[in-house]
Amino acid sequence: MALYVVVSAAGEVYAASYFQQADVFVALLLSFAVVCLMFNLLARHERGEATVAKSSLLVFVALNVVTAISWIGLFIGLKYAEPAIVVAFMVALGPTATVWLNALIRRKGAPPASDIVVSVTIATIGSYMIWISASGNAGVEWGARSSFGILLAIVAGLSLALTNILVKLLFDRGFSGRQVLAHRFYGTILLLLGLVDHSSIVPEISQHWFAIATIGLSTILVPLLLIQQGIRRVEPFTVNMVLSTAPIITFLFQYFDSRIAPSSHTFIGNVLITAVAVGNIYLQYRRSA
């Protein structure tokens, strides 16, 4: 799991730098096409594949939609805003929103008082992170592009929470992790086909094939494989604890990007987000123990 955090953090900072002068949609289209093909091949070798009933088909359609929003929102957010702030929103909003969506969609009842307190705290720290950027104290200069990037990071974080709920629903209906991964990226590929400039696909790949391959491997393919193995081999409590360190690890990798100025304000925000995330995970662990 630690390797997952390091690889994905390094890949996200590298992707943010690369996307400043390259076509984000070409890189993502090629990456997700390869990922989708690979997981379909892996799923074919799995026995006992669950039957896709009409109700499960609707869940898969919804999963494809929110997957497209979360992944594309993440990468465009990385292009326009400071990566450490984007990752902080993803880490903080995902688990917090999952609690509320779980109560609504899976009818688990009202969240405990501690979760409500955590939600309010996350919202407060999130407001502080937005202030960091708007006041010019972030690592990337504030402007219309950076505000749009932060908005997309928030949307991506909320979409990620809904993704987790939909994946859990499919697991409850007998689908394996590989089967879900095999069929969750069709919507992302279709959306990217609509967004990309088709005339730029071949020139972009021929000129930047190494960078595109690096981004696809470090931010999508390898992290998905690593987290799948981590979830299988490590207790959920440990998985969540390690994932909560992502904002700080991403912040440290930003020192390798000369475009991003070191910001103590961003570091403080990341520490606060991590502290609340760890505290929330610990409380959830104690309740389920």
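Helices here are DSSP runs of H or I that are at least four residues long, numbered from the N terminus. With that in hand, take Ser263: it sits in the loop between helix H11 (246-253) and helix H12 (264-288). Keep in mind that this is a predicted model. The protein chain has twelve helices and zero strands, so the rundown below goes helix by helix, with a few stops at single residues.

**The chain as a whole**

- Reading along the sequence, you get α-α-α-α-α-α-α-α-α-α-α-α for the protein chain.
- The protein chain has 289 residues, and buried ones make up 48% of them.
- Take the contacts between residues at least 6 apart in sequence: 88% of them join residues at least 24 apart.
- The protein chain's accessible surface is about 13700 Å², and carbon and sulfur atoms account for 68% of that.

**Helix H2 and its start**

- Helix H2 covers residues 24-44, which is 21 residues, and at 1.5 Å a residue that should span 30 Å. The C-alpha atoms at its ends are 30 Å apart, so the expected and modelled spans agree.
- Just at the start of H2, Asp23 has a side-chain oxygen that comes within 2.9 Å of the backbone nitrogen of Phe25.
- Which residues of H2 are buried? They are Val24, Phe25, Val26, Ala27, Leu28, Leu29, Ser31, Phe32, Val35, Cys36, Phe39 and Ala43.

**Helix H6 and the nonpolar patch**

- Helix H6 (residues 144-172) is 29 residues long and runs 42 Å from first C-alpha to last, close to the 42 Å expected at 1.5 Å a residue.
- After H6 comes Gly174, with a positive phi near 100°.
- On the surface, Leu57, Val61, Val65, Ile69, Phe148, Leu151 and Val155 make up a nonpolar patch of about 580 Å². Helix H3 (54-80) and H6 are the elements giving two or more residues to that patch.
- H3 gives the most to the nonpolar patch, namely four residues.
- Phe148 is one of the patch residues and is part of helix H6. Phe148 has 40% relative accessibility, so it counts as partly exposed.

**Val86 in helix H4**

- Val86 belongs to helix H4 (residues 83-105).
- Is Val86 buried or exposed? The relative accessible area of Val86 is 0%, so the residue is buried.
- Setting aside neighbours within four places in sequence, Val86 is in contact with Leu74, Gly77, Leu78, Ala81 and Ala153.
- Val86 and Ile150 are 64 residues apart in sequence, yet their C-alpha atoms are 6.5 Å apart in space.

**Thr219 in helix H9**

- Thr219 is a residue of helix H9 (residues 201-233).
- Thr219 has a relative accessibility of 4%, so it counts as buried.
- Where does the Thr219 side chain reach? It goes to the backbone oxygen of Ile215, at 2.4 Å.
- Beyond its neighbours within four places in sequence, Thr219 has contacts with Gly11, Glu12, Ala15, Trp71 and Phe75.

**The salt bridge**

- How many salt bridges does the structure hold? There is one.
- Asp257 and Arg259 are the partners in a salt bridge, with 3.5 Å between the closest N and O atoms.
- That distance fits the cut-off: a side-chain nitrogen of Lys or Arg must be within 4 Å of a carboxyl oxygen of Asp or Glu.
- Asp257 has a relative accessibility of 8%, so it counts as buried, whereas Arg259 is partly exposed at a relative accessible area of 29%.

**Ser263, back in the loop between H11 and H12**

- Why does Ser263 count as buried? Its relative accessible area is 5%, and buried means under 20%.
- A polar atom of the Ser263 side chain lies 2.4 Å from the backbone oxygen of Asn137.
- The Ser263 side chain also reaches the backbone nitrogen of Thr266, at 3.1 Å.
- Not counting residues up to four places away in sequence, Ser263 touches Asn137, Ala138, Gly139 and Phe251.

Definitions and conventions:
Residues are numbered from 1 along each chain as its sequence is written. This is a predicted model: local features need pLDDT of at least 70, side-chain atom pairs count only at pLDDT 80 or more; totals for chains, interfaces and linings use all residues. Side-chain values use heavy atoms; hydrogens and water are left out. Buried means under 20% relative accessible area, exposed over 50%, partly exposed in between (1.4 Å probe, protein chains only). A polar contact is a pair of N or O atoms within 3.5 Å; within protein, one must be able to donate a hydrogen and the other to accept it, and residues adjacent in sequence count only if both atoms are side-chain atoms. Contact means heavy atoms within 4.5 Å. The expected span of a helix is 1.5 Å times one less than its number of residues. Accessible areas come from the Shrake-Rupley method with a 1.4 Å probe; for residues, only the protein chains shown count as cover. Patches are made of residues with over 30% relative accessible area and no salt bridge: like charges are joined within 9 Å, nonpolar side chains (Val, Leu, Ile, Met, Phe, Trp, Tyr) within 5 Å.
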